[in-house]
Amino acid sequence: MEKIKELYTKYKEIINYLIFGVLTTVVSLLVYYISVYTFLNPENAVQLQIANILSWIAGVAFAYFTNRKFVFESKEKNKLKEAGKFVSARLVTLIMDMIIMYLGVTILLLNDKIIKLISQIVIIVSNYVFSKLFVFKK
């Protein structure tokens, strides 16, 4: 048990990022799947991107608060500036996500749910790097 605590302490930031990254992905995927199963048609390129953007907004809101508090333990007093940098970094990965979805679903005609999962893996890694280097740097 002591070894586990030691490992957690040593890798706390990465472990917490992975935990909250998974939860952010769940939030994002839930919003995406609810959107495409209830009111948007993923076979329509515009509606596919609308579902993608809705899932992004939900994921970014959840991620900012959890990353700020539990992952990077930010003490930044100017939360508006920090949130602006966070959203800017996430806009970059949104564009990456939209390109992946467009290429995978619209161009290659692959399953949108599978491509969304693949895209999320790329996005999680990219978001950590941007958050660590640009948003929550100490």
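This report walks through a predicted model of one protein chain, from its overall build to its cores, two threonines and a surface patch.

**Overall build**

Let's begin with the fold. The chain has five helices and zero strands, giving the pattern α-α-α-α-α when read along the sequence. Taken along the principal axes, the C-alpha atoms fill a box of roughly 50 × 35 × 25 Å. Of the 138 residues, 38% count as buried. The accessible surface of the chain comes to about 8500 Å², and carbon and sulfur atoms account for 73% of that area. If you like contact statistics, here is one: among contacts with a separation of 6 or more, 67% are between residues 24 or more positions apart.

**The cores**

In soluble globular proteins, nonpolar side chains tend to be buried together. In this model, the largest nonpolar core has 14 residues, and the members that touch the most others are Tyr 17, Val 71, Phe 72, Phe 86, Val 135 and Phe 136. At least two residues of this core come from each of α2 (12-38), α3 (45-71), α4 and α5. The most generous of these is α3, which gives five residues. Apart from this core lies another one, of eight residues, including Leu 40, Leu 48, Ala 51 and Val 105.

Tyr 17 deserves a closer look. Not counting residues up to four places away in sequence, Tyr 17 touches Asn 67, Val 71, Phe 72, Arg 90, Ile 124, Asn 127 and Tyr 128.

**Three residues side by side**

The table sets two threonines beside a leucine from the loop between α4 (79-107) and α5 (112-135).

| Residue | Relative accessible area | Class |
|---|---|---|
| Thr 25 | 12% | buried |
| Thr 93 | 2% | buried |
| Leu 108 | 55% | exposed |

Why does Thr 25 count as buried? Its relative accessible area is 12%, and buried means under 20%. Thr 25 lies in helix α2. Leaving aside neighbours within four places in sequence, Thr 25 is in contact with Gln 120 and Ile 124. Ile 124 also appears among the residues that Tyr 17 touches.

Thr 93 has its place in helix α4. With a relative accessibility of 2%, Thr 93 is buried as well. Which residue's side chain joins that of Thr 93 in a polar contact? The partner is Asn 127, at 2.8 Å. Asn 127 is also one of the residues in contact with Thr 93 once those up to four places away in sequence are set aside, and the others are Ile 123, Ser 126 and Phe 130.

**The surface patch and Leu 108**

Now to the outside. A nonpolar patch on the surface is formed by Ile 95, Ile 99, Tyr 102, Leu 103, Ile 107, Leu 108 and Leu 110, and together these residues have about 680 Å² of accessible area. Leu 108 sits in the loop between α4 and α5. Because its relative accessibility is 55%, Leu 108 counts as exposed, the cut-off for that class being over 50%. Leu 108 and Tyr 8 are 100 residues apart in sequence, and their C-alpha atoms are 41 Å apart in space.

**Around the ends of α3**

Both ends of α3 have a local detail to offer. At the start of α3, a side-chain oxygen of Asn 44 reaches to within 2.9 Å of the backbone nitrogen of Val 46. Following α3 comes Glu 73, with a positive phi near 45°.

Note on methods: Residues are numbered from 1 along each chain as its sequence is written. This is a predicted model: local features need pLDDT of at least 70, side-chain atom pairs count only at pLDDT 80 or more; totals for chains, interfaces and linings use all residues. Side-chain values use heavy atoms; hydrogens and water are left out. Patches are made of residues with over 30% relative accessible area and no salt bridge: like charges are joined within 9 Å, nonpolar side chains (Val, Leu, Ile, Met, Phe, Trp, Tyr) within 5 Å. Accessible areas come from the Shrake-Rupley method with a 1.4 Å probe; for residues, only the protein chains shown count as cover. A salt bridge is a side-chain nitrogen of Lys or Arg within 4 Å of a carboxyl oxygen of Asp or Glu. Helices (H or I, at least four residues) and strands (E, at least two) are DSSP runs, numbered from the N terminus. Buried means under 20% relative accessible area, exposed over 50%, partly exposed in between (1.4 Å probe, protein chains only). A nonpolar core is a set of buried Ala, Val, Leu, Ile, Met, Phe, Trp, Tyr and Cys residues joined through side-chain atoms within 4.5 Å. Contact means heavy atoms within 4.5 Å. A polar contact is a pair of N or O atoms within 3.5 Å; within protein, one must be able to donate a hydrogen and the other to accept it, and residues adjacent in sequence count only if both atoms are side-chain atoms.
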